[in-house]
Amino acid sequence: MSRWTVETLRALDLRYAEQGLHLHQRPFRAAMEILGPAFVIGVGGNPEVQKIMDAYAEMIPEVDDNWPGMGVGLVAVVDQVRRFVVPVVFGSPGPINVWAALGFSSQEEWWRWCREDRDMAARTSFAFADVADLTYGLDDMRSSSAPELTLWKMATSNLADAANGLPTTFSVDSMLQPICMTAELSLKAALVKNGADPGSFKGPAGHDLKKLMERMARETPHRDDATATDIVARLPAYVASRYAPAGLNRLQVVRLALGVQFLAASTVRRFASRDLAAEMEAGDWPAPRRPFFPN
């Protein structure tokens, strides 16, 4: 196959959807299938590759927004939320420009979004550090097929749901479920990583986030424990919030989302060597880390 039209791309997209191929992977796959041996990229490559991929993106713009990178997280200024994708870094990374990693076109754009407030900018820096520690820490463990990785994978999936929904959602009540699930799955993952039986969490006790947090702090103590305990104590009743509003406003829910993002990262920091947050906490600005729930 080498000749193609938009109908060719539509037929391929239907097949890819039935196969469960992720949106961001489809333009590249379509170019490979259409061009066959003529698929060549890089210096001296076939320009038809980019034409096909551009046409696919024009047909389905979501392919450009669906790339997961290393993972998805959120930053916020007051209750204004921005989703970001943690970039994939090859080799030894140099100094990190947080504004670029968060998807801003310039430092000035980031500064304006932070309302020209050093405190707000610091909060976005630590939020980025949390998601970087979470995603790269899990990537360091990817060679293992242990059950805790499945739990952490589901936790990051729920965190991505919150990051995708909070920027534009009108009603924040529906966001409490992925927020609470991120907390529960992360806590259970840490406990399983430390030797707990995955089957021991069945029943109502498995949803008791405070007891799960107490157990994790007792078994794998960490500098994050005081902050993590406070976050868990503020989460609404997990099961009850499925069926009735928890009475929280948007700002409260956004703070909880940022809090469980920190909690998820903290569960991974207990076992991985990644700790960008510690580097930020030890230096000058953006240190110190600001409280998630200021008085």
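In the predicted model, Ala190 is placed in helix H8. With a relative accessibility of 1%, Ala190 counts as buried, since residues under 20% relative accessible area are classed in this way. When residues up to four places away in sequence are not counted, Ala190 touches Trp152, Met216, Thr267 and Phe271. The C-alpha atom of Ala190 is separated by 42 Å from that of Glu58, a residue 132 positions away along the chain.

Met216, one of the residues touched by Ala190, belongs to the buried set of helix H9, which spans residues 209-219 and in which Leu209, Leu212, Met213 and Met216 are buried. These residues lie on the same side of H9, because the arc that they cover around the axis is only 100°. An α-helix has 3.6 residues a turn, so residues three or four places apart point the same way. The face of H9 turned away from this buried side carries Lys211, Glu214 and Arg218, which are exposed. The cover over the buried residues of H9 includes helix H8 (176-193), helix H10 (225-234) and H11.

The loop between H9 and H10 contains His222. His222 has a relative accessible area of 18% and is therefore buried, the cut-off for this class being under 20%. Leaving aside residues up to four places away in sequence, His222 touches Ser266, Arg269 and Arg270.

Helix H11 (residues 250-269) also packs with helix H6 (residues 118-140), the two axes being 8 Å apart and inclined to each other at an angle of about 40°. This geometry makes H6 oblique to H11, because an angle of that kind falls outside the ranges that count as roughly parallel (under 35 degrees), roughly perpendicular (65 to 115) or roughly antiparallel (over 145). The crossing of the pair H6 and H11 is left-handed. On the H6 side, the contact is formed by Ala127, Ala129, Asp130, Val131, Asp133, Leu134, Gly137 and Leu138, which meet Leu258, Gln261, Phe262, Ala264, Ala265, Val268 and Arg269 of H11. By residue class, the contact of H6 with H11 comprises ten nonpolar, two polar and three charged residues. Arg269, listed among the H11 residues that meet H6, is also one of the residues touched by His222. Helix H11 thus takes part in the packing with H6, and H11 is likewise included in what covers the buried residues of H9.

Terms used: Residues are numbered from 1 along each chain as its sequence is written. This is a predicted model: local features need pLDDT of at least 70, side-chain atom pairs count only at pLDDT 80 or more; totals for chains, interfaces and linings use all residues. Side-chain values use heavy atoms; hydrogens and water are left out. Axes are lines fitted to C-alpha atoms, for helices over the stretch in contact, and angles run from 0 to 180 degrees between N-to-C directions. Helices (H or I, at least four residues) and strands (E, at least two) are DSSP runs, numbered from the N terminus. A crossing is left-handed if the near helix is turned anticlockwise from the far one by less than a right angle, and right-handed if clockwise. Contact means heavy atoms within 4.5 Å. Ala, Val, Leu, Ile, Met, Phe, Trp, Tyr, Cys and Pro count as nonpolar, Asp, Glu, Lys and Arg as charged, and the others, Gly among them, as polar. Buried means under 20% relative accessible area, exposed over 50%, partly exposed in between (1.4 Å probe, protein chains only). The arc is that of the directions from the helix axis to the C-beta atoms.
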